[in-house]
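Please take me through this model in the viewer, saying at each stop what to select and what is found there.

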Amino acid sequence: MASAQNESDEERDSQELRIVLLGASEAGKSPTANSILGREAFKESRTRESEKQTGRVEDRNISIIDTPGFFNTQLTDEEMKNEMMKSMYLCYPGPHVFLLVINLETFREEQRNLVEQIQETFGEEALLFTMVLFIGREKVSRREFNQIIASEETQKILNYFEGRFNVINSKSECDSSQIIKLLKNIDEMVKNNGGQNYSNEIYLKNQRKLREHKERIKQEEKRLKQEKERMKHEQVRKIHMEVKKIQEDSDTWKQKGGINQKGDITMRSKEERIKDDNERKKDNVSKKKTRYLRENEAAVQENLRRQMESRREKERWRWKLEREMTPENPSRPADLRIMILGKSDVGKTATANTILSRNAFRAEAQSDTLTCEKQDAVVSGRNISIIDTPGWLDAPWYKHFQDELKRDIDKCLEMSAPGPHVFLLVIRLNGIYTEEEKNTVKWIQTNFGEDAVRHTFVVFTHVDLLKDESLDQYIRKSPDLQLLMDSCGGRFHSFNNQHRNNQNQATELLEKIEQMIKDNGGEHYANEKSRKKKQEEMRHDNIHEDTKKNLHDLTRETDELLTLMMGFEMSEMALRLSQVREMAHNNLSKQGKWQTIHDFIPNMSETFLWFCMLRELAEVMH
Ligand SMILES: Nc1nc2c(ncn2[C@@H]2O[C@H](COP(=O)(O)OP(=O)(O)O)[C@@H](O)[C@H]2O)c(=O)[nH]1
Ligand SMILES: [Mg+2]
């Protein structure tokens, strides 16, 4: 039964013709859609949102998606982009044809580049699925019409679409034969395209490309800015150096008594001369010592060099360890990482800004963007990172564009690496508690895994709009809300984002979150991938600790031996030992497997004891 049902569904789907109407704003797309459907399906005022209507025409199912149209002055670029994305969602799995509606009556004034808009929004591939639809044929004379069609602009446009175009009258004058002809031409085009439709995958691929392109430009701009800054600093540094040099020259000149007192050096005090004498003597001793060492004790020299090198290596190692641990290290994750989730327009961004106590994220109430954003700050003495996310929970396209959603979620998780401590689930009080919100817990589990709920914390916004009710009363009133709260361990907090100055609400929230983290044993959320990575890191950390300890032991023991041997002027032995130590040190630093010092020099302790005995013997003989 089920399969028969599926088959008939499939059959019906395969017969459905999906049309997306494009064109300049107010070109007359909505009336055209009504002409095709043969009824007043769409409202004929300026369209602000993409909308879908279906109908049966010529015994077939037709879906038409009306769009706001390009160059719409009422919409921002971002809103326009969202509406176009929505049109693709409404048209799932993708349109058979984009009808580019051009009004013959206003064609002369409409010199804007429509083709470019299509390419930018839907990509080059969309041109294969596009057909021009001239409307308002009855409004222009035959001569005028011929002129328009033959004109250079029209030919240029039509060339992009292999000359595909149709002509119909305005709605009031449109007869069904024109629509039949239009549908026939569309069928012809679909046939030429091998029955394929423009797919949402193509759309998403283009969007990704566009985003990556923008990201690249942003990165390049950032790089150039940094480079400029660096050059500026370099210049300032050079100027400082020059000023310092001039200052020093001037000081030297002054010390020498200035040009007028040249030759009056004998005026220097007796003490100064004694000091100079001492310096000279010291210098002579040191020279003698150096010569002695060079001539008589080349091996000792070499030994000292190795000791120095070993010390430097130790320093480098310590520096490396310290660098990994200092807070200045940008790769060091914040102490508290918060990811904000929720429907669009519930106050996610406002909440993030309230926590940070500044407009760190884009101005609120802007249409929901499609990417995550991260901001770092120190709040109430805590080093925190906040990741603001798009309205994943309700924006309809995410349901259909699952791959894209997964990619975005992964990207956000990367931003909060090694994983957020808390998912702040923002819910708007006084709003409509929608189906999407009722399914929130399931959504979180599906997209972040079962474990994520343990890290979820509810924040109610718009608490200022609760009139005579308390928050408790409000929650008690809604069984669905209670259920959601129970699933999230009853953890919640309320926010009035209108009172950003009231930092108590943020401090209290952070305290509650900390309690939750404590209850979670201090753990942050980690997806499967990062859990594995963490295990690997822990293993590595243990190795690291062992290595540190081994190196420390090695250095201490050999240092003692070296000192002892130098005391006996047994430089050759000392040299050999320092070579052994260096070898062991190198091996310890490079090897994946770590061993103890005694594995390298098994008889180290014996050697040490042996020398202690020698020393005692020497003392007795003295
Ligand atoms: N009265 C009131 N308005 C708020 C509150 N929180 C957010 N808003 C407003 O709600 C709208 C949506 O907020 P926004 O942060 O952009 O929502 P988002 O889409 O979830 O990020 C904006 O106009 C905010 O100024 C609040 O606690 N009280
Ligand atoms: Mg937002």
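## A tour of selected sites

Begin by selecting Cys-372 and Cys-412, whose link is left-handed, with -45 degrees about the S-S bond. Since this is a predicted model, the geometry shown here is computed, and in it the two sulfur atoms of the disulfide formed by Cys-372 and Cys-412 lie 1.6 Å apart. The count of disulfides comes to one.

Next, widen the selection to the elements around this pair: Cys-372 lies in the loop between α11 (348-356) and β8 (373-379), whereas Cys-412 belongs to helix α13 (residues 402-415), so the disulfide ties together parts that are 40 residues apart in sequence. If you then colour by accessibility, Cys-372 is buried, with a relative accessible area of 13%, and Cys-412 is buried as well, with a value of 0%.

Two further cysteines can be selected in turn. Cys-91 has a relative accessible area of 0% and is buried, and Cys-488, at 1% relative accessibility, also counts as buried.

For the last stop, select helix α5 (residues 142-150) together with helix α6 (residues 152-160), whose axes come within 5 Å and cross at roughly 55 degrees. That angle makes α5 oblique to α6. Showing side chains here brings up the contact itself, in which Ile-148, Ile-149 and Ala-150 of α5 meet Glu-152, Thr-154 and Gln-155 of α6. Sorted by class, the residues in this contact of α5 with α6 are three nonpolar, two polar and one charged.

Notes. Residues numbered from 1 in each chain as written. Chains lettered and ligands numbered in written order. Predicted model: local features only at pLDDT ≥ 70, side-chain atom pairs only at ≥ 80, totals over all residues. Heavy atoms only, no water. Disulfide = S-S within 2.5 Å. Helix = DSSP H or I, 4+ residues; strand = E, 2+ residues; numbered from the N terminus. Buried < 20%, exposed > 50% of the residue type's maximum accessible area, 1.4 Å probe, protein only. Axes fitted to C-alpha atoms, helices over the stretch in contact; angles between N-to-C directions. Parallel < 35°, antiparallel > 145°, perpendicular 65-115°, else oblique. Contact = heavy atoms within 4.5 Å. Nonpolar A, V, L, I, M, F, W, Y, C, P; charged D, E, K, R; others polar.
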